[in-house]
Amino acid sequence: MSEKKWRALDHCDNNSNRNDADVLQAADQSAATEQESFEWIIVRDSEDVEVQTTDTQAAVSLQLGIQVAIAVVISITIGDTDQSKAVVQDLKQFMRTKQQNTQKTVIEGSKHVKVATTDTDVAVNIQALLQILLAIVAKLDIL
Amino acid sequence: MSDSLKNSKVLSDKVIDLLVSNTFQKNGVNIDKAKKKLTDEQKQAFKELVEDLTKQVNSFVKQPSSKQENSK
């Protein structure tokens with residue numbers, strides 16, 4: 001892996017980030033989480049390599065599930081009013097997170113290698129969102 | 001990194017509680033009134049939903065680290 005190759009990938013990342021952010025901001029109203037994964041795993045001149053990585057799709061689904069649950073519980077308890085919209089809007093400010101997974105893993109000239117990568121940012125964000133939901137339902141005596 | 005993953009709560013409960021309380025208060029939400037709007041059926045449905053989401057989050061968070069241990 002030469003220096004040039006890495007620069008090329010980084011450049012790629014930057015371009016995609018900007019495009020994704022614009023699109024998501026325009027379209028996403030109820031759940032403003034921007035999450036991008038640019039995880040690179042390159043295996044070269046190797047055999048018996050096992051790679052396990054974070055399921056980004058599952059993470060996004062989970063985040064959306066929690067955010068929708070928050071919006072629904074507030075909509076029912078406070079009603080579909082300006083007040084309810086303002087509460088969701090305020091919470092949205094906090095939930096609005098932008099994160100990227102830009103891990104790069106290179107396996108070269110190796111045999112019998114097992115690699116597991118974790119996207120810590122995604123995991124932490126999901127946990128924080130769940131905490132907000134739990135706090136809301138606790139306040140409303142649901143639990 | 002592994003420490004934050006082991007701990008299922010990434011932020012202190014107090015901070016989250018303050019955030020939620022402040023948001024409700026700021027927007028003039030009457031919590032007691034809001035509580036009454038939920039029927040028992042809705043409460044039960046939300047309870048199940050929250051339990052389900054909690055399980056999913058826990059298994060998602062634990063998954064990668066346990067795999068890592070197995071591979072060692």
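Of the 72 residues of chain B, 24% count as buried, where buried means under 20% relative accessible area, exposed means over 50%, and partly exposed is whatever falls in between (1.4 Å probe, protein chains only). This is a predicted model, so local features need pLDDT of at least 70 and side-chain atom pairs count only at pLDDT 80 or more, while totals for chains, interfaces and linings use all residues. Residues are numbered from 1 along each chain as its sequence is written, chains are lettered from A and ligands numbered from 1 in the order in which they are written, and side-chain values use heavy atoms, with hydrogens and water left out.

As for its surface, chain B exposes about 5200 Å², and carbon and sulfur atoms supply 48% of that area. Such accessible areas come from the Shrake-Rupley method with a 1.4 Å probe; for residues, only the protein chains shown count as cover. The fold of chain B is easy to read off: there are four helices and zero strands, giving the pattern α-α-α-α along the sequence. Here, helices (H or I, at least four residues) and strands (E, at least two) are DSSP runs, numbered from the N terminus.

Next come the charged contacts. A salt bridge is a side-chain nitrogen of Lys or Arg within 4 Å of a carboxyl oxygen of Asp or Glu, and by this rule there are six over all chains. One of them pairs B:K26 with A:D90, with the closest N and O atoms 3.1 Å apart. This pair crosses between chains, running from helix α2 (residues 13–26) of chain B to helix α3 (residues 82–95) of chain A. B:K26 itself is exposed, at a relative accessible area of 58%.

B:K35 also reaches over to chain A, forming a salt bridge with A:D141 in which the closest N and O atoms are 3.2 Å apart. On the chain B side, B:K35 sits in helix α3 (residues 31–36), whereas A:D141 belongs to the segment after α4 (120–139) of chain A. Both partners are partly exposed: B:K35 has a relative accessible area of 22%, and A:D141 has 40%.

B:K35 has a partner in its own chain, too, since its side chain meets that of B:D32 in a salt bridge (3.8 Å, N to O). These two lie in helix α3 of chain B, three residues apart, or about one turn of the helix. Put together, A:D141, B:D32 and B:K35 are linked in a network of salt bridges.
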